[in-house]
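User: Hello! I am new to this structure and would like to learn how to read it. Could you walk me through some features, one at a time?

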Amino acid sequence: MSQGLEVRVGETLGMAQRGGSVQSHVRLGEDVYGPLIPDGRSDVVLSLEPAEALRVSRYVGKRTTIITNTSPYLPISVLLKETTYPKIEQITSILHRLGGRVYSIDAMELAKKAGSSRSLNIVVLGAYMSLGEPVLTPDAIKEAMASSLPGRYLGQNIRALKLGMDKMKELIS
Amino acid sequence: MIGEEGAVSLLMGNEAIARGAIEADARLVIGYPGTPSSEVIQTLAPLAKGLGMRAEWAVNEKVAFDTAAGAALAGSRCLVTMKSAGLNVASDSVISIAYGDVNGGLVIYVADDPAAHAGMEEQDSRFFTKVSLLPMIDVSDPQDARDAVVDAFDLSEQFKIPILIRSTSRVAHMRGTVTLGPVRRIRRSAGFVRDIRRFTRASPVWCMEQHARLNEKIESMRSVLEGSRLNELHIPEDHIRVGVVASGVSWNYLREIVTRHDLTGLVTLRIGTVNPLPENLIRALIDEVDRVLVLEELEPYIELHLRAMIGDLGKPVSVYGKHDGTLPRVGEYNDNLVERALGKLLETRLVEESPELEEMRAEASRLAPRRPLPFCPGCPHRATYTAMRQALMELGYGEGDAIITGDIGCTILGMHPPFNMCWTEVSMGASIALACGLRYAGIEKPIIAAIGDSTFFHAGIPPTVNTAWYDTDIVIAVLDNRVTAMTGHQPSPGSGYTATGEETEPIKIEEILEASGIKMVRVVDPYDLKRTKEAFIEALQEKGPSAVVLRRVCSLVARRRGMIGKPSAVDPEKCTGCQLCIRTLSCPAMGLTTDGKMVIDPTTCMGCGVCAQICPFDAVIPGGAEND
């Protein structure tokens, strides 16, 4: 916005805490109007749960980089053996065939290392920070966290951001 | 939200509606929660006091509208918010108020839901203009939303008529940049002059006078609305005699695709005022084109008008839209659909067709496991349906032997496995009279109407009175979690506080049930499975109407208030891996270890202790989680 770009964010609200699926489409650019990313035209997919990356496969194409957490959040139907959960290799393979570059990290493990599994999202965001030219800087994210999070949660999230950044640097090199 | 004139802010469509209400100095903003409209009042409630505004959740949309209409008669500017189904509830009064004059601006914001994201009908509320005759503005992005509210208040006062603003889920929940306008101060002292010729419809003569006056108002508004900033006709000098008319979110898709493929020769008309339609602009477009595509979600509203106008003008213009099957009437549009439709219009291929790609995408969606919405961890409704089933089983009724009519809100999630309880979902409050109708028809099974607290206050009281009046043998189960949970935990009359946080005396559902004439009323805490089961057994055995109030605050609200128990834990020595708990409760906090034993995730468990009451081996230790 400060660079005069149009910003559009489209999202499904409120279903995550009920175990539902949630997508947010963040779009920046000069001629950006629609709330959703057009098919196959996403630049980056940040997937907090491996099978959820499949649900956004419509938006994956040759320009897409996908960063996905590898630890699954199993629906009850899987526990009850009513449905099956795909193997991680199946997930990455199909995303790869759709044209995307896939980076898999165990963000759950890193989040726990940072202090809480709840910082999983920040680990994945951190991983994105070490990739090419992210649209945000780590400092901007730290600033946003400092202004929106209660103080007691700030430390673990800053650690999570760093762990994610380090992990991606390791994957790339 | 609070920003200087000229500042650019990133706002959600509904927040932009709220901003518009601040700029227009609305005195009263009132509604009933309903996805995707709820964020307007949620945004304004914490700011209301500082703005000298009254922000309020009403008991239902009709009450909200009537209250606003009253305030508008006395000269206040009022905004009423609701989802599409809410407009149906309010419609009785909206149609009546349309006949009279309003003194303060009265704006109705209604949000439709193409693709049924919130799980309701794909109602196209634009057609309400045909019933009510009222003007309507259809917005396509957050900037429009802000502009429309500011303009609508002025128009409403100028023509003394309520104005409808309509959006859809994608617009209501889209974030985009909004240039803020000035915050005006419009203060008037309240006044209302008796004039029954305008404010009652009790005489046929007056009624027809008012009807004629309403028609005149709409006609006199036509040219003003035609010039709205939300209508844009673009006729390029060297155009190719092909046009596109777009409205709502589709306008965004069109703009992007035009840029992507450099389609500079298209004649385009964006329509923001859907009643009355900008007929001069439409006529100007028809004059320039041989082919035209109409982009509008849901029903062919603009398309029908356009076809009629083309017919009147006797021009051979081909129309691409819903009638010829270019675009669907069901679901929402997206970039891809619009791009294909434009390709058909231009007889060129804009989208590379690739069956392999589509097959891969289909394979990916097949691989993704479905995530049907379960009850949240600690949800009292999970316990209610579990106890309800136990009661039915104890009375000898198996699966399918009792009918449970469901209602709107979280309570309907009892339709999903493993409960498989609710049979129907119709509209707010419908569960109770529907249950009576089933009984009237001769169904002899036990019949239970399962309804939430907010839903009960909204539309459950009249059918309760009717049930008592005709002494109908049904059980009314009011799942009282103290809030309107599904839409984001807005307060209801039983919550004990208002939208703006003032404390109130909670209105007791059991007292309403008793006063309505239901003689057997039990109030229980569903976390206590045994007592809840016993209450259901008593109610089911009662000849005639009975009611059980299941009272326990929503677990998400409890967590926010720090009122939840310590997470439970499983003793792996005692757990036999029978999985009875998972099969009975399906709580998202439950998982399985590699050796098939139940494990509780301490970060999601709310410590409700219900699974401990299910386990036959006492393997669950309530509050047994170790400290981090």
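User: Let me start with a single residue. In which loop of chain B is A116(B) found?

Analyst: Happy to help, and please keep in mind that this is a predicted model. A116(B) sits in the loop between β5 (106–112) and α5 (128–132) of chain B.

User: What is there to notice about the phi of A116(B)?

Analyst: The general idea first: most residues other than glycine have a negative phi, and most peptide bonds are trans. Here, phi of A116(B) is near 50°, a positive value in a residue other than glycine. D25(B) is another such case, with phi near 60°. That residue belongs to the loop between α1 (13–23) and β2 of chain B.

User: Why do A116(B) and D25(B) count as partly exposed?

Analyst: The count of C-beta neighbours inside 10 Å decides this, and partly exposed lies between the limits of 12 or fewer for exposed and 20 or more for buried. A116(B) has 14 such neighbours, so it counts as partly exposed. D25(B) has 18 and therefore counts as partly exposed too.

User: You spoke of trans peptide bonds. Which residues of chain B does a cis peptide bond join?

Analyst: One cis bond joins T35(B) and P36(B), with omega about 5°. P36(B) is in the loop between β2 (28–31) and α2 of chain B. Another cis bond joins P417(B) and P418(B), again with omega about 5°. To find P418(B), look in the loop between β15 (403–405) and β16 (422–424) of chain B.

User: Now the wider view. How many helices and strands are there in chain B?

Analyst: Chain B has 22 helices and 26 strands. Its C-alpha atoms fill a box of roughly 80 × 70 × 55 Å along the principal axes. Of the 628 residues in chain B, 53% are buried.

User: Why does the radius of gyration of chain B agree with a compact globule?

Analyst: The idea is to set the chain's value beside the one expected for its length. A compact globule of 628 residues would have a radius of gyration near 25 Å, and chain B has 27 Å, so the two agree. Contacts add to this picture: among those in chain B between residues at least 6 apart in sequence, 77% join residues at least 24 apart.

User: What should I make of the confidence values?

Analyst: In general, where pLDDT is low, the predicted coordinates should not be read in detail. For chain B the mean pLDDT is 96, and 100% of its residues reach 70 or more. The model as a whole scores ipTM 0.92 and pTM 0.96.

User: Which domains does the assignment give for chain B?

Analyst: Chain B is assigned domain 1 (8–226), domain 2 (232–351), domain 3 (380–560) and domain 4 (569–621). The C-alpha centres of domain 1 and domain 3 of chain B lie 33 Å apart. Their contact takes 17 residues from domain 1 and 14 residues from domain 3 of chain B. On the domain 1 side, the elements giving two or more residues are α2 (39–51), β3 (54–57) and α4 (84–99) of chain B. The largest share there, 5 residues, comes from α2(B). By class, that side divides into 10 nonpolar, 5 polar and 2 charged residues.

User: And between the chains, how many residues does the contact take from chain B and from chain A?

Analyst: It takes 40 residues from chain B and 44 residues from chain A. On the chain B side, α14(B) gives the most, with 6 residues. That side has 17 nonpolar, 13 polar and 10 charged residues.

User: Which strand of chain A pairs with β8(B), and in what sense?

Analyst: Strand β1 (residues 6–11) of chain A pairs with β8(B) in the antiparallel sense over 2 bridges. Within β8(B), R175(B) is the bridge partner of V9(A). β8(B) also pairs with β1(B), in the antiparallel sense over 5 bridges. There, S9(B) has V178(B) as its bridge partner in β8(B).

Technical notes
Residues are numbered from 1 along each chain as its sequence is written. Chains are lettered from A and ligands numbered from 1 in the order in which they are written. This is a predicted model: local features need pLDDT of at least 70, side-chain atom pairs count only at pLDDT 80 or more; totals for chains, interfaces and linings use all residues. Helices (H or I, at least four residues) and strands (E, at least two) are DSSP runs, numbered from the N terminus. The radius of gyration is taken over C-alpha atoms; the globule rule is 2.2 Å times the number of residues to the power 0.38. Two residues are in contact if their C-beta atoms, placed from the backbone, lie within 7 Å. pLDDT is the predictor's confidence in each residue, from 0 to 100. Ala, Val, Leu, Ile, Met, Phe, Trp, Tyr, Cys and Pro count as nonpolar, Asp, Glu, Lys and Arg as charged, and the others, Gly among them, as polar. Two strands pair if DSSP finds at least two bridges between them. Domain bounds come from an automatic or database domain assignment.
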